[in-house]
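Trainee: Please take me through one part of this model in close detail. I would like the sheets, and the aromatic and charged side chains that go with them.

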Amino acid sequence: MSTPQLLDAPANVPGCAQYQQLAYLDAYDAVLNCDYAFVAYLETDSFGRRVRIKSSQTAGAVFEPDAMRSQARSTSAQGKPWFQWGYSFDPSPSDPRNIQFRVHVADGQPRELEIFVQLRQADGTAAAPKSVKFPWPA
């Protein structure tokens, strides 16, 4: 028996933007006794297509194709395999939480997106990281 998602992509409404879920990830932070949930979806409307990540506890991100192509080209030129985009929570000596939205690149093009989350155990140490990757929509 699978557990229901804690967060869903928006519902499609005829004649309006259309949505297709691409990925889902949830994680538990024991210090806060709080679930974090993330849903990535493709949004298509009269202006084009973009990927959005919505989060239950943090800000999300919007991945516009032109911006992703430009940043992917620059990232590849620097010899890096991915870049961060949108909201992030970087770990510090006193708080090991790490939340990143990553765009993986190959040959100067975006290839896949990743939601990376590492929260905390009850004693404040880092919990095991969780991640989900999905292809950049063609």
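Mentor: What follows is a walk through two sheets, their loops and their ring contacts. Keep in mind that the model is predicted.

Start with the sheet that holds β1. Four strands make up this open sheet, in the order β1-β2-β3-β4, and the pairing is antiparallel. Its edge strands are β1 and β4 (61-63), and each of them pairs on one side only. Ignoring direction, neighbouring strands here are turned by 15° against each other on average. Strands of a sheet pair through backbone hydrogen bonds, either parallel or antiparallel. Between β2 and strand β3 (residues 48-55) there are eight bridges, and the two run antiparallel. Take valine 39 as a sample position: its bridge partner in β3 is lysine 54.

Now the loop between β1 and β2. Asparagine 33 is found there. Its phi is positive, about 55°, although asparagine 33 is not a glycine. What is its solvent status, buried or exposed? Asparagine 33 counts as exposed, because its relative accessibility is 59% and the class begins over 50%.

Next, the rings. The whole structure contains three aromatic pairs. One of them joins tyrosine 19 and tyrosine 41: the ring centres are 5.6 Å apart and the planes meet at 75°, so the pair is edge-to-face. The cut-off for that label is over 60 degrees. This pair links distant parts of the chain, with tyrosine 19 in strand β1 (residues 18-29) and tyrosine 41 in strand β2 (residues 34-45), 22 residues apart. Tyrosine 41 is buried, with a relative accessible area of 7%. Tyrosine 19 counts as partly exposed at 21% relative accessibility, because buried means under 20%.

A further edge-to-face pair is formed by phenylalanine 83 and tryptophan 85, at 6.0 Å centre to centre with 80° between the planes. Phenylalanine 83 is buried, at 6% relative accessible area. Tryptophan 85 is partly exposed, at 24%.

That brings us to the sheet with β5. This open sheet has four strands in the order β5-β6-β7-β8, again with antiparallel pairing. At the edges stand β5 (82-89) and β8 (130-135); each has a single partner strand, so one side of each is left without a neighbour in the sheet. Neighbouring strands are turned by 20° against each other on average, direction ignored. Nine bridges connect β6 and β7, an antiparallel couple. Phenylalanine 101 has isoleucine 115 opposite it in β7.

The loop between β6 (98-106) and β7 (109-118) holds aspartate 107. Here too phi is positive in a residue other than glycine, with a value near 55°. Aspartate 107 counts as exposed, at 75% relative accessibility.

Look at arginine 102 as well. Its charged end sits over the ring of tryptophan 82, 4.3 Å from the ring centre. Arginine 102 also lies over the face of phenylalanine 116, at 4.3 Å from that ring centre.

Last, the helix. Helix α1 (residues 65-77) lies across β5, β6 and β7. It runs at about 120° to β5.

How values were computed: Residues numbered from 1 in each chain as written. Predicted model: local features only at pLDDT ≥ 70, side-chain atom pairs only at ≥ 80, totals over all residues. Heavy atoms only, no water. Phe/Tyr/Trp six-rings, centres within 6.5 Å; stacked < 30°, edge-to-face > 60°. Buried < 20%, exposed > 50% of the residue type's maximum accessible area, 1.4 Å probe, protein only. Lys NZ or Arg CZ within 6 Å of the ring centre and 35° of its normal. Pairing = 2+ DSSP bridges. Axes fitted to C-alpha atoms, helices over the stretch in contact; angles between N-to-C directions. Contact = heavy atoms within 4.5 Å.
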